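This report is addressed to a reader who has not met this structure before. It takes a few local regions in turn and describes the surroundings of each.

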Amino acid sequence: MKKIVLSCAVVLALSLASCKNNNANAEQAAAAVEQVAANVVASGTYTAEPSSVIEWVGKKPTGQHTGTISLKSGSLTVDNGNITGDFTIDMNSITVTDITEADGKLDLEAHLKGTGKEDGADHFFNVKTYPTGTFKLTSFDGTNVTGDLTLKGKTKTISFPATLTIADGEVTLESKPFEINRVDFGVNYASKSVFGDLKDKFINDEIELVVKVKAKK
């Protein structure tokens with residue numbers, strides 16, 4: 001089917017070019033062939049690779065922490081140049097990358113997951129109740145990804161700048177740094193916008209994210 005479509009596109013382009021003695025028409029026909037060829041080759045569903053990751057930065061007045069979250073599963077679908085996708089985020093995979101175990105890495109990870117013995121389960125992401133999050137990619141306009149992010153049972157439409165490339169049966173999607181407001185998803189712990197008496201003991205509502213997804217057919 002791909003060969004048939006491509007062949008038809010080539011015949012159409014050559015016909016247009018030969019019937020109209022006009023360089024502009026010939027260039028437009030060639031561009032049409034190239035676009036059709038690219039869409040045909042790229043079309044299909046791509047499965048996210050295990051190396052796909054979300055990098056995060058959480059900040060407060062006295063410093064910041066960095067880390068990663070992995071995908072549990074995910075796929076991207078390319079259909080005639082349109083990009084959609086569904087991803088499941090493994091909230092149990094929350095990892096802190098800027099400190100060691102001696103500096104409290106495991107305790108902070110448990111705190112973020114809500115699994116620490118002295119932590120309220122719902123302080124941050126409460127992974128026992130909400131072990132996964134989701135992101136449903138609804139569109140990509142060439143510059144920005146738009147989709148519905150669900151965390152802790154709350155859904156919000158977000159957009160962020162990203163680069164998407166398709167080559168050799170692989171899709172690579174990498175965002176520029178962007179922010180989400182954790183309070184939108186019920187992550188209220190030490191939020192100055194929720195609790196008014198924290199002075200400088202608050203944690204910023206904004207979490208910075210970078211999305212890096214690789215997917216193959």
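The structure is a predicted model. Ser191 touches Arg182, Val183, Leu198, Ile203 and Asp205, when residues up to four places away in sequence are left out. Ser191 itself belongs to the loop that connects β9 (178–181) with β10 (206–216). Its relative accessible area is 0%, which is under 20%, so Ser191 counts as buried.

A second serine, Ser52, is found in the loop between β1 (44–48) and β2. Ser52 has a relative accessible area of 2% and is therefore buried as well. The side chain of Ser52 has a polar atom 3.0 Å from the backbone oxygen of Glu49. A polar atom of that side chain also lies 3.1 Å from the backbone nitrogen of Lys214. Leaving aside residues up to four places away in sequence, Ser52 is in contact with Ser70, Leu71, Lys212, Val213 and Lys214.

**The helix α3**

How many of the nine residues of helix α3 are buried? Seven of them are, so this helix, spanning residues 105–113, is largely enclosed by the rest of the structure. The buried residues are Lys105, Leu108, Glu109, Ala110, His111, Leu112 and Lys113. Charged residue types such as Lys105 and Glu109 thus appear in the list beside Leu108 and Ala110. The cover over the buried residues of α3 includes three strands, namely β2 (53–60), β3 (63–79) and β4 (82–96). After α3 comes Gly114, which has a positive phi, near 80°.

**The strands β3, β4 and β5**

Two of the strands that cover α3, β3 and β4, pair with each other in the antiparallel sense over 11 bridges. They form a hairpin with two residues between them. In the turn, Asn80 has a positive phi of about 55°. Within this pairing, Leu76 stands opposite Gly85 of β4. Strand β4 is also joined to β5 (residues 132–140), by six bridges, and these two strands run antiparallel. Here Phe87 has Phe135 in β5 as its bridge partner.

**Aromatic rings**

The structure holds four aromatic pairs. In one of them, the ring centres of Phe124 and Tyr189 are 5.1 Å apart and the planes are at 50°, so the pair is tilted. This pair links distant parts of the chain, since Phe124 is in the loop between α3 and β5 while Tyr189 is in the loop between β9 and β10, 65 residues away. Are the two partners buried or exposed? Phe124 is buried, at 6% relative accessibility, whereas Tyr189 is partly exposed, with a relative accessible area of 32%. Phe124 and Tyr189 form one aromatic cluster together with Phe125.

A ring also takes part in a contact with a charge: the charged end of Lys192 sits over the ring of Phe202, 4.2 Å from the ring centre.

The table below collects the accessibility of the individual residues discussed.

| Residue | Relative accessible area | Class |
|---|---|---|
| Ser191 | 0% | buried |
| Ser52 | 2% | buried |
| Phe124 | 6% | buried |
| Tyr189 | 32% | partly exposed |

The loop between β9 and β10 recurs in this account, as it holds Ser191 and also Tyr189. In that loop, Ser191 is buried and Tyr189 is partly exposed.

Note on methods. Residues numbered from 1 in each chain as written. Predicted model: local features only at pLDDT ≥ 70, side-chain atom pairs only at ≥ 80, totals over all residues. Heavy atoms only, no water. Helix = DSSP H or I, 4+ residues; strand = E, 2+ residues; numbered from the N terminus. Buried < 20%, exposed > 50% of the residue type's maximum accessible area, 1.4 Å probe, protein only. Contact = heavy atoms within 4.5 Å. Polar contact = N/O pair within 3.5 Å; in protein donor to acceptor, adjacent residues only side chain to side chain. Pairing = 2+ DSSP bridges. Phe/Tyr/Trp six-rings, centres within 6.5 Å; stacked < 30°, edge-to-face > 60°. Lys NZ or Arg CZ within 6 Å of the ring centre and 35° of its normal.
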